[in-house]
Number of protein chains: 6
Amino acid sequence: MLQLTEIDRVVALALAEDVGLGDVTSLATVPEQEQGRAVFLAKATGVLAGVSIIGRVYTQVDPRVTVEVLVEDGARLTPGTRVAAVQGPARSLLTGERVALNFVQHLSGIATRTARFVDLVQGTGARIVDTRKTVPGLRALAKYAVRAGGGTNHRFALYDGILIKDNHIRASGGIRPAVERARAHAGHLLRVEVEAETLEQVQEALDAGADVVMLDNMDLETRRQAVAMCRGRALTEASGGIEEDTVRAIAEAGVDLISIGALTHSVTALDISLDWE
Amino acid sequence: MLQLTEIDRVVALALAEDVGLGDVTSLATVPEQEQGRAVFLAKATGVLAGVSIIGRVYTQVDPRVTVEVLVEDGARLTPGTRVAAVQGPARSLLTGERVALNFVQHLSGIATRTARFVDLVQGTGARIVDTRKTVPGLRALAKYAVRAGGGTNHRFALYDGILIKDNHIRASGGIRPAVERARAHAGHLLRVEVEAETLEQVQEALDAGADVVMLDNMDLETRRQAVAMCRGRALTEASGGIEEDTVRAIAEAGVDLISIGALTHSVTALDISLDWE
Amino acid sequence: MLQLTEIDRVVALALAEDVGLGDVTSLATVPEQEQGRAVFLAKATGVLAGVSIIGRVYTQVDPRVTVEVLVEDGARLTPGTRVAAVQGPARSLLTGERVALNFVQHLSGIATRTARFVDLVQGTGARIVDTRKTVPGLRALAKYAVRAGGGTNHRFALYDGILIKDNHIRASGGIRPAVERARAHAGHLLRVEVEAETLEQVQEALDAGADVVMLDNMDLETRRQAVAMCRGRALTEASGGIEEDTVRAIAEAGVDLISIGALTHSVTALDISLDWE
Amino acid sequence: MLQLTEIDRVVALALAEDVGLGDVTSLATVPEQEQGRAVFLAKATGVLAGVSIIGRVYTQVDPRVTVEVLVEDGARLTPGTRVAAVQGPARSLLTGERVALNFVQHLSGIATRTARFVDLVQGTGARIVDTRKTVPGLRALAKYAVRAGGGTNHRFALYDGILIKDNHIRASGGIRPAVERARAHAGHLLRVEVEAETLEQVQEALDAGADVVMLDNMDLETRRQAVAMCRGRALTEASGGIEEDTVRAIAEAGVDLISIGALTHSVTALDISLDWE
Amino acid sequence: MLQLTEIDRVVALALAEDVGLGDVTSLATVPEQEQGRAVFLAKATGVLAGVSIIGRVYTQVDPRVTVEVLVEDGARLTPGTRVAAVQGPARSLLTGERVALNFVQHLSGIATRTARFVDLVQGTGARIVDTRKTVPGLRALAKYAVRAGGGTNHRFALYDGILIKDNHIRASGGIRPAVERARAHAGHLLRVEVEAETLEQVQEALDAGADVVMLDNMDLETRRQAVAMCRGRALTEASGGIEEDTVRAIAEAGVDLISIGALTHSVTALDISLDWE
Amino acid sequence: MLQLTEIDRVVALALAEDVGLGDVTSLATVPEQEQGRAVFLAKATGVLAGVSIIGRVYTQVDPRVTVEVLVEDGARLTPGTRVAAVQGPARSLLTGERVALNFVQHLSGIATRTARFVDLVQGTGARIVDTRKTVPGLRALAKYAVRAGGGTNHRFALYDGILIKDNHIRASGGIRPAVERARAHAGHLLRVEVEAETLEQVQEALDAGADVVMLDNMDLETRRQAVAMCRGRALTEASGGIEEDTVRAIAEAGVDLISIGALTHSVTALDISLDWE
């Protein structure tokens, strides 16, 4: 589901920075003819994302390496799950190992945390969404990993969605003029979301015709009231410091979307390793 | 200390993915003439890294924005520390905000964790070093952030250091032939490090003339003995699952270097925000 | 309002293809010290777009050339209007001339035609919008020129708006499932537009909850009825073979948007020349 | 006859600007397994150019799409002519459709107009040639389309031909010194063409040894005399505001070449569409 | 006279390969504040070329370094000639040194050998020209250096000149059809040169209307006769294994051009060093 | 042993500069269907390097060309040795010929000279190494060619080895502080080499713990004494103006490494041609 060229570009960058002029250790110590076989193996519990990148890495490192994907993205992994098998010149297996792992561990880390949140809100109707708080250069992959974990993507960037925050409101002279300007100047296929921190702002946003209201850093009770106000008029998105122990209650407050920056800005790599056979 | 062109390249990538064709919200809602002033403010305790990137981001977004750096990389931050002040067209301040924050939060997250480890081993003589387990595309910046946090860099990539791991050893027919081949084929300015998991392997590595011995996944007592064996003959590097509660004891075992993948592969973004004035 | 880096990239491509290794004629015949002064002059009636590109071209050709913009984008030009004055080394003025003209003539051609349509619908409330039918590589500039001519931009690309056409409908098994899938999978900040060729399809689109209905290739009377059906429920966009002699009646039928591919796919360059003084 | 890499580069740019992070409509509404078959169909009369680009577009979008070219470049099209057939995943057919059409419609528009001029001068011995007035970024393709329409290419750029215009002459101190300098400094494989607006200038150009004389903006009778003067000494090129209703007479005046900027600077896209089967 | 962007691109490549992630020696040993001053000094006799590249290198390495050019390209150097002075942060001076020298030494090597040949044929009217036998990636610079040495450039590449060699002739069925096809298909501003190895071929080339005849690998007497045959009808170019001890006689045989591949394919770097003050 | 992407990048650059928009001669004179077969043939005695690049060139020019490598890199060539055979469309064979030859002749020139030096020191234990004095843009290939000739690579660039020269020493306040800083700040896998011009400096370098001492521009006797001082404590590298007639004596003085800039900065292309069959 990811554009191949998008992957290939970041893979090329990653190989350039890790391999560059060559893997001097493998070139020096491993005979050119030596063949090998190894398995990408989960060492922890989590959700897989980015497994197809392994193939893209080895295509660039050495097209003679064959990669067999054993589990698809989105699969639940437990310690010992065999993720993918690689076979080919031993030197090349070693040269591509770290870059492949860096991608899969990072993306699976994102998918794993997303899946935990998605599990926690199951049955409530709320969707877990990401933010633009991604590690520079990896946004497309990070957003893909959120989907692999069962989450939904918020706008991808500044160009494909309108989100009017407090500073935009201040500079426009209020919520109403801000929304009106957005309607007048932006493409008619982009919806308008307005950030609100109080119920008064929620009301203003609704009156101005906002399509979505972001309930930012509100307490639970206020969020409940805001949801009631918005019902039938606008979607609601809860945002701001949402943790695993608070997300269920927020979802039960009736919001449509719950956005969590930590899904992508604070990633714990999922432990996966390349074991030789 | 970072190469400007290196930063500029990743900044350009980050802006391309976040801004692309334009920040439709700001373009629509913020008047072109509106000026603004805002401050990058720490919201948590930690160590700063990457502050100069703020300037590089705004140079690309809009050269009319002026950036004043108020604290240097490596500084300890507490909630409320003013990190940098920006001033200029309000639209442009808003457009560059997220990309600037994504960099500084990620890199400061690395520096902060590194500093915690460095503090924990203070006085022992052991150096905290990073690994090649970095988020793809950001290696140079991640390694820089480790230095900002008081750590030291291990080899940058596969091309600037020789680290012979178990698979290289197996493919070469033993530690001795592996080290000899490395000496014969690699440049004479690269040292040779050998991974050892047992004391027998440590002895073999020393006999083969290794410059550095990596003590991988050993228990504390074994590491102590290994250090004793290596004294005066080779540097020692402890590696493998080292946590904040175990690092001090490992350092006191006398190793020269302690490498920690989590410094860069599992980063918790440091909370920094852009507050308008 | 255009991103400088976006312009600079296409300007660099254009100079690479036109100048490449050098302007052999000017290098051979014009003395290096020769200075010149020239004016970009309108030779026809129209609307200006892209004047700032002249400066970007000469910055790349030779930073010693100074460019003074005399009229802003969006201005009405008549034969003889002085658009911009350039001054500097004669060789460099000559070398950059053709590339600068190729940009300004093409973009002003787009703005001019857009303005004619905008004038024709004045007072009706209908907005003239563009399409994705642009010359490859120039979309950002072409869309900018439409705005300079008083038009409004439709979605920029396939990623920032959902437009469900007949083939999507067929593949989804109907308008309702197509709209539902779009709602479920796409970001919540993207609106859903559905193409309809009959009133039955208009009704289906409304029932499915479309935000915008495209009235494609309908006759005037059908469009009027469709507008009545959609009022208060969805925006309407007229599309398909709209010409200067039919656009007014369509606008008066009450549609919100009128999209015209010819604005950008069939451009008549506006006659502008560089006259030496 | 076009270099593949040249096409691939512009195709990649065009896909980047149109598809970018993905075709959200097709991804959301069209099932991944859905297959499709469609035909590129002429809707108007004209000359085909760029048909091979369809294959290059789909190679980049999705290599599983097969493209069968049914008519070669240069062929005369009438409404209903089947140009190419594509088959494969429905999503991918839809994703690549617009970019493929934008190329083929634009290039066929160039070929069509060129062919009209070529037809008009048939039998006279005059060749229809293009200019450097091309849409930025597409010169190689535009020049190719002129050839597909039966025209001949003038110099490609500033580096592969010497064309001394009035400003070069002024800066050199006359036609003779300009031609002499060109001979002395430029490569010996480049011919020298001189622009002349009067018969005196034609004579000067001949005396200076010009290989080609451009008869710029002359009336018919003057052009006739100029041709007589140049016979056996230099080629002649008519240039300046040549239209379909004047080109025949100019050709009959005996010029060797007739250059027409509008071939490439004012292109009417040829109507071609992708029809599903 | 060189396009800045052309230089900057190759300079960036050269710095990427030599500096990459940083000059670890200078970063480690030279204090950040240390300033320095140094001079690019000739250590041998020769002709300078590429001095402006020094400035382009340091602009990219560190814009705080100032570069003062003391001698212009084309100047005769003797041991001790001060070529350029640089001043600024000592680290940066050291980091850019090697790349700057690699360019200037290589290009001055080309200019020096060219000048020797030019001196040898002085007064004969023959021009020394280069070939396409250049080190990959440096053609524009190599051709520039030939000019700095007093030589003239042959065609730059395959696209800006027609040179029909024996294999083209064979594939075309003879010199006449080859020349006719070239005339018919190539742009009218490109001349046609034909390679001849015998006087019969010279005659055929003349009869076919060649503009230039290449006298390839002929002995002196044959070249003399060929020149006589071509006089007034075509330019003549001597080619093939021409050395310093044979070039004068060949020039005196009356050829217009003498092409020498060794000017650019076998370059002896001119000894220039960076001396600290 | 060379990274394919590295080769492909420089090959693409070389083709862009030599072929660009097309080989007008071949396109005009050689019929599209014409097939050909030709052989890359040595015309001189030497050592082959870069033969695999022939295949990479033709892959980019026209994938229908088949390339059969007949001799491997490192092989000794004599006049008449068949190096590689190519077969395919005649036009494409001609179009790629020059670029392929430029690479192979240059790299074989490097390998040939390297092999001469390697032969001269045979049996002494000294290794011939290269320097960073390479033609800009070709370092990876140049270093590869040195290996093909039997030489060994010194550090690749400024980032993979520490070499403290006189200017670093001066700026650091002496050899000892320079070496200590290098040890403290640089990665622990990089060795430290120190340049010495006198025996006093050799002693200082040893005392400071240098891993390698460069004996720069010393006379033979001084080098002998330096070698004696360093034995068992540091490697020694002779450097500075070493020629074919002096290298043997230097090697016999007992140095470990002999570095020669001329291997790569002053290359005589090895004569190889493409002969048609």
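Where in chain C is the place of C:G240? The legends below describe close-up views of a predicted model, beginning with this glycine.

**View 1. The surroundings of C:G240 in chain C of the predicted model.** C:G240 sits in the loop that runs between β10 (235–239) and α10 (247–252) of chain C. With a relative accessible area of 26%, C:G240 counts as partly exposed, because that value falls between the limits of 20% for buried and 50% for exposed. When residues up to four places away in sequence are not counted, C:G240 touches C:D216, C:N217, C:R223 and C:S259. C:E97, which lies 143 residues from C:G240 along the chain, is separated from this glycine by 37 Å between C-alpha atoms.

**View 2. C:S266 and its contacts with chain D.** C:S266 is found in the loop between α11 (262–265) and β12 (272–276) of chain C. Its relative accessible area of 7% is under 20%, and C:S266 is therefore classed as buried. Leaving aside neighbours within four places in sequence, C:S266 is in contact with C:R113 and, in chain D, with D:V267, D:T268 and D:A269. To the last of these residues there is also an approach between specific atoms, in that the side chain of C:S266 reaches the backbone nitrogen of D:A269 at 2.9 Å. Within chain C, the C-alpha atoms of C:S266 and C:K133 are separated by 9.2 Å, although the two residues are 133 residues apart along the chain.

**View 3. The interface of chain F and chain E.** Here 58 residues of chain F are in contact with 58 residues of chain E, and the two chains bury about 4800 Å² between them, 58% of it on carbon and sulfur atoms. Of the area that chain F buries against chain E, 15% is supplied by F:E17, F:P136 and F:L158, more than by any other three residues.

**View 4. Polar and charged pairs across the interface of chain F and chain E.** Four salt bridges are found across this interface by the rule applied, and F:R132 forms a salt bridge with E:D18 in which the closest N and O atoms are 2.7 Å apart. The count of residue pairs in polar contact across the interface of chain F and chain E is 27, with both residues of each pair at pLDDT 80 or more. On the side of chain F that touches chain E, at least two residues each are supplied by α1 (4–18), α2 (24–29), α4 (90–120), β7 (162–164), α6 (166–172) and α7 (175–185) of chain F. Sorted by class, this side of chain F has 28 nonpolar, 18 polar and twelve charged residues.

**View 5. Helix α5 of chain B and the glycine after it.** Helix α5 (residues 139–148) of chain B is mostly covered, nine of its ten residues being buried. Among the buried residues of α5(B) are B:R139 and B:K143, as well as B:L141, B:Y144 and B:V146. Just after α5(B), B:G150 takes a positive phi of about 95°.

**View 6. Cysteine 230 in chains A and E, and chain pairs without contact.** A:C230 has a relative accessible area of 0% and is buried, and E:C230, at 1%, is likewise buried. A search of the whole structure finds zero disulfides over all chains. No contact joins chain A and chain E, whose closest C-alpha atoms lie 9 Å apart. Chain C and chain F do not touch either, and their nearest C-alpha atoms are 9 Å apart.

Methods:
Residues numbered from 1 in each chain as written. Chains lettered and ligands numbered in written order. Predicted model: local features only at pLDDT ≥ 70, side-chain atom pairs only at ≥ 80, totals over all residues. Heavy atoms only, no water. Contact = heavy atoms within 4.5 Å. Buried area = accessible area lost by both parts, 1.4 Å probe. Salt bridge = Lys/Arg side-chain N within 4 Å of Asp/Glu carboxyl O. Polar contact = N/O pair within 3.5 Å; in protein donor to acceptor, adjacent residues only side chain to side chain. Helix = DSSP H or I, 4+ residues; strand = E, 2+ residues; numbered from the N terminus. Nonpolar A, V, L, I, M, F, W, Y, C, P; charged D, E, K, R; others polar. Disulfide = S-S within 2.5 Å. Buried < 20%, exposed > 50% of the residue type's maximum accessible area, 1.4 Å probe, protein only.
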